[in-house]
Structure formats: structure tokens, C-alpha cells
Amino acid sequence: FPEIPSPPPAVPVAAVKGPVTVWHLQVPQGDPLASPRCAILLKVVSHALCGSRPEDKAMMNLWTSVVRDSLETIAYLAEEAKLGVSIEGTSFGFELCFGGFDHKLPLLIQEVLEHLTKTFRSAEAVEKHINASRARFDAMVERRIRGLKNAEMKPASHTTQIRRGMLCSAFPRAGQLLPATEGVTVESFAEFSANMLGSVHTVEMLTEGNVSVTETPQLANIVTTALVNTTEGKYPRAVVQRVPQGVTLVVEPCADPNERNCAVEMYFQVGPYSVEEDLYLRVLEDLMYVPLFDSLRTKQQLGYSVSCEVRETQQILGFTVTIQSASHSAVHCVKCAEEFLRETFPQKLEELSDQELTSKIIAMASRKLTRPDSLQDMASWHWGEIRDRKYRFNRRIEDAASLAQVQKVEINAYFRRWLLEDRRLVVVVSAGGKAQQTVEQTMEGLGGVY
């Protein structure tokens, strides 16, 4: 078993607390990742978006595109100075990512935040900015509309959108976002931007690399001055629907009538995140992936895409088996998947020797203990913990140590409980494809399976 680092490597600590929380990790001199660079990431939460309405999500997606377009000049000049900046929208606000030489990065952060507040915090400023290049705004709206119309054209994307939309209102489907995007006006967009930026109440920030802890208060002050303008509102929580016990069937026709493939996604809901259950789900995924592919893809030739994967939806754990086929119906794919789960895989687990299990566990632990190749990769690891509000910065090392305690009997017990006996299963089908089964035929066939 690979050696567990002792003491564990340093992790980010909360250097500044308040409306702006700054998590800080300085890479020491002599470390392979040490360089005159740093990565700084911000997660901005707005009280105006706590409701997770589809209209807000549609506006936020468009807002991110408009802001990204407006930052082109700043981003170009930053790139010339070996710096970088990017922005992404989230369900409750947006994220900013900065990277590059540490002595210049605070200037870039200040420049970007001043640009945001000057251009997008007041409705009048937003309208002035858009009307100065109205054609660009109209083109971005049109691009968003085209993207939404095409978002569910591929069967695999279609089933994923259905499943996410069913589980959580924070993930509205393209059809829910389209009306708000088509109906956007300069005035409504400007009002949204002013409300969103005028209701920022929480910012979490990560600074990693060649930046000392004494610099964090200055960075926090820059962000607070530019963004935080209210202390009202609680941190938003997205509600995830509890899947009923048993089997829920959801069938929709392929969005593209000429599509040759159908797709099936079997989603097993496990429950609220826990360290132990997450670990055993990862082990189950690792043990199942190759036999599933070998049985359904290689031997039975169901389709070119067969996989299984752990899912985490707003800290609710789940597990999916997905199949996309151009040669068989969705009903046949589900039958084969159920046969694999009830007969083939239990036999594989039974035949799994202690030596084979130990080999797989060692390989998993070794992957978890592999150090990141770059400062950006390490920051991404830590940022994932902040984004999900788990703050298990040494997750990989803790999980690697816990893998040494994994037992075959527990793997089998968890598998049977989650995927066979106490299942909360949603079977999502994008019907059609070469098999040409209608929704009614598919529902009738699935009724026979279950």
C-alpha cells in the first residue's frame, strides 16, 4: 500500500473572515510548485439569485457572456503581461479566476472589479454599454437562443438534462430557459445586472502560490469595496428532490427525429453526502466500469457508449449507468443493464479475489496520492472543496488512507442496498433512434421489465 504522507501537506486556512472569506496557502520555497506566480479565485454569491428561477438562470448565462465580451481588452493586455482572467456563471452568482505573476495580479483584480462595478452595477451604465455596440449584444442573445435550441438534440445530453432538471430547480432545462432568453430586452437585462450586482452579500476567495498571508487583508479589502454591498440574506441552498423508493420511468422522444441513437440513463439516488458512502461509491465505480463496458459494449454490442459514474447533485450522492445505442431499442438496453446488475456483476464481485481487490485499491490510492502537476491544478483541487462548501482540503490523502480499510463484504453490501434491494431508481430514456420505438412503445416495454 502506498505510503501516506505524514505530516500531511499544508492546506488553505481562513486568513480573513467576514463577508469576504479569504482562504490562503503560500507554497514554500523549495517546493516543486514554487514559482513567482499565484492563483486567485473568487466565488461571488448574490441574494438576488437565491430563488433559482429559470428566468434568473437564463439571464445569468447571458450576463456572463456579455461580461466576458466586455473584458476582452483587459484580458488581452493581461495575457501580454503573462496574466489571465476568466469568468463563469453559477446558480447563485459567478466565479472569477485569476492567475499569473504575483506582483501584478492584485492590479488585474482591481482593474476587473472596477470594470464590473462601473459598467454593470447600475442599469443606466449597462444600457449605455450595450447601446454602444448593440449589434454585439443582439448576436450574443441569438447565440444563446441557438445553443438552448440545440442543447438537448443529442440523446445523451437529453437524458442528462432530464435527470438534472427533475432532481433540482438549480438546473432548469433548456426549454425553461428559452422563453426568458427570447424575451430579453436591453432594459430587462440592465435591471437584472443592477439587481444582481447590487445584492452581493458573500464572497469566498482562494489565494495560492507566491502570496503571503500579510497580503490577504488588502485583497479582501479590494473585493469588499468593489462587490459586497449588503449583509442581508442567507447562503442559498438548492433543494434536491428525494426520488421515491422503487422505479420511476421518464421517457421523452429524441429531440432530433433523424437521430440514429437512443439513450438510457439509470440514476440510483443514494442520499446525503457522507465520507464513507462517497468512498464506497468510488470503489464501486472503479470495480464496475470495465466489466460493464466489456459485457454490454464489447460482448453484446449494445452501442459505442456504455459507462457508469458517481454523481453528486448539490451534496446528494447518486450513481448512474448510461447506454447510448444505434443498434438496439432503449427497452433492450435497460433489460441488458438490469441483467448485468442482477446477475453478471454480483458474480464478478463473488469471484473477485483478495489479491485482485488489493491491487485495485492500491491503484486507486496511488492515483489519489499523486501530486498535482501545476499550481493551477492544486488550486483547482482546493477550489472544488470551497465551491461545494465541504472544505476537506486533504480529501485525497484522507480517502487514500481510508481505502486501506475497505472490505469486500462491505462493497457487496453497499452495492446490493443501493442498486438492488433499497433502490431509488429513475430510468430516463431518450426514445427513438434506429429502433424507431415510440414513447408509448418504450413505456409499455419498460413496464414489462419492471
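Tyr-289, Val-290 and Phe-293 make a nonpolar surface patch of about 270 Å². Patch members have over 30% relative accessible area and no salt bridge (a side-chain nitrogen of Lys or Arg within 4 Å of a carboxyl oxygen of Asp or Glu), and nonpolar side chains are joined within 5 Å. Areas come from the Shrake-Rupley method with a 1.4 Å probe. Val-290 sits in helix α10, residues 275–299, and counts as exposed because its relative accessibility is 55%; exposed means over 50%, buried under 20%. Helices here are DSSP runs (H or I) of at least four residues, strands (E) of at least two.

This is a predicted model, where local features need pLDDT of at least 70 and side-chain atom pairs need 80 or more, while totals for chains, interfaces and linings use all residues. Residues are numbered from 1 along each chain, and side-chain values use heavy atoms, leaving out hydrogens and water.

Now for the inside. The largest nonpolar core (buried nonpolar residues joined through side-chain atoms within 4.5 Å) has 59 residues, and Trp-63, Phe-94, Phe-98 and Phe-189 have the most contacts inside it. Beyond its neighbours within four places in sequence, Phe-189 touches residues including Trp-63, Ile-130 and Phe-137, contact being heavy atoms within 4.5 Å. A second, separate core of 53 residues includes Val-264 and Leu-352.

Then there's strand β2 (residues 20–26), with 6 of its 7 residues buried. Strand β1 (residues 13–16) runs antiparallel to β2, joined by 3 bridges; pairing takes at least two DSSP bridges. With strand β6 (residues 200–209), β2 pairs in the parallel sense over 7 bridges, and Trp-23 stands opposite Leu-206.

Conventions. Buried means under 20% relative accessible area, exposed over 50%, partly exposed in between (1.4 Å probe, protein chains only). Patches are made of residues with over 30% relative accessible area and no salt bridge: like charges are joined within 9 Å, nonpolar side chains (Val, Leu, Ile, Met, Phe, Trp, Tyr) within 5 Å.
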